[in-house]
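Work through the following exercises with the sequence and the coordinates open side by side. Each task is followed by a solution that goes step by step.

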Amino acid sequence: MQENLTVLVVDDDASVCDFVAILLQEEGYHAHCVGSAEQASAFLRKGEIPVALLLTDIELPGRNGIELMQECRDRDPSLPIVLMSGNPLRWLKEMKDVPFIMKPLSIHAFRKIIKAQIGKPHQGKKYETGTP
């Protein structure tokens, strides 16, 4: 169990955040959920709680998850990042080498990708997808 590891979950849909938080807790992780890229940036800037993984939806109000990912990579290139979207084709070019989870979430694929990425520094090589 990895109870001391926190995953920052960014999604403007509260039901997705709640569901993801439950899945993460079942795996022994702590989930901190926010609803926008701006809230995620503020949480990361505070630095009060170390984040082991950023899990962000791509389509968010205000700045999108791709912009958040780029900001996080500039700040800390070693932070593992996983993207989520129900409309990935629109974002393929921008996703580059980032692990990806398709919405609606497949629980098996979700767990597999999170376990593979958490605690692993960004390598800039691997692209994984999870599909229902």
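A contact, as used throughout, means heavy atoms within 4.5 Å. This is a predicted model, in which local features need pLDDT of at least 70 and side-chain atom pairs count only at pLDDT 80 or more, while totals for chains, interfaces and linings use all residues. Residues are numbered from 1 along each chain as its sequence is written, and side-chain values use heavy atoms, with hydrogens and water left out.

**Exercise 1. Confidence and overall layout**

Task: Establish how far the model can be trusted, and describe the order of its elements and the range of its contacts.

Solution. Begin with pLDDT, the predictor's confidence in each residue on a scale from 0 to 100. The chain has a mean pLDDT of 87, and 87% of its residues reach 70 or more. Over residues 123-132, however, pLDDT stays under 50, although the model has 32 contacts beyond four places in sequence for this stretch. Where pLDDT is low, the predicted coordinates should not be read in detail.

Next, assign the elements, taking helices (H or I, at least four residues) and strands (E, at least two) as DSSP runs numbered from the N terminus. The assignment yields five helices and six strands, which follow one another from the N terminus as β-α-β-α-β-α-β-α-β-α-β.

Finally, consider the contacts between residues at least 6 apart in sequence: 68% of them join residues at least 24 apart.

**Exercise 2. Burial and the nonpolar cores**

Task: Determine how much of the chain is buried, and locate its largest nonpolar core.

Solution. First fix the classes: buried means under 20% relative accessible area, exposed over 50%, and partly exposed in between, with a 1.4 Å probe and protein chains only. On this scale 49% of the 132 residues count as buried.

Then collect the nonpolar cores, each a set of buried Ala, Val, Leu, Ile, Met, Phe, Trp, Tyr and Cys residues joined through side-chain atoms within 4.5 Å. The largest such core has 22 residues, and those with the most contacts inside it are Leu8, Val10, Leu54, Ile81 and Leu83. Two or more residues are given to this core by each of strand S1 (6-10), H2, H3 and strand S4 (81-85). Leaving aside neighbours within four places in sequence, leucine 83 has contacts that include Ile58, Ile66, Met69, Val98 and Phe100. Apart from this core lies another, of 21 residues, among them Ala21, Leu23, Leu24 and Tyr29.

**Exercise 3. Two helices with a buried side**

Task: Decide where the buried residues of H2 and of H5 lie around each helix axis.

Solution. For H2, list the buried residues, which are Ala37, Ala40, Ser41, Phe43 and Leu44. Viewed down the axis of H2, they fall within an arc of 165 degrees (taken over the directions from the helix axis to the C-beta atoms), so they line one face of the helix. The cover over these residues includes S1, strand S2 (30-34) and H3, whereas the face turned away from the buried side carries the exposed Arg45 and Lys46. Just after H2, glycine 47 takes a positive phi of about 65 degrees.

For H5, the corresponding list is Ala109, Phe110, Ile113, Ile114 and Gln117. Their arc around the axis is only 125 degrees, which puts them on the same side of H5. His108 and Lys112 are exposed on the face turned away from that buried side.

**Exercise 4. Salt bridges between distant parts**

Task: Find the salt bridges that join parts of the chain far apart in sequence, and state how accessible their partners are.

Solution. Apply the criterion of a side-chain nitrogen of Lys or Arg within 4 Å of a carboxyl oxygen of Asp or Glu. The search of the whole structure returns eight salt bridges.

- Arginine 111 and glutamate 26 meet at 2.4 Å, N to O. The pair links helix H5 (residues 107-117) with helix H1 (residues 14-26), its members being 85 residues apart. Arginine 111 is partly exposed at 26%, as is glutamate 26 at 47%.
- Glutamate 38 and arginine 63 have their closest N and O atoms 3.8 Å apart. Glutamate 38 lies in helix H2 (residues 37-46) and arginine 63 in the loop between strand S3 (53-57) and helix H3 (65-75), so the pair ties together parts 25 residues apart in sequence.
- Lysine 103 and aspartate 57 have their closest N and O atoms 3.2 Å apart. The pair connects the loop between strand S5 (100-102) and H5 with strand S3, across 46 residues. Lysine 103 counts as buried at 16% relative accessibility, and aspartate 57 is buried at 6%.

As a last step, look for bridges that share residues: Glu26, Glu27, Arg111 and Lys115 are linked in a network.
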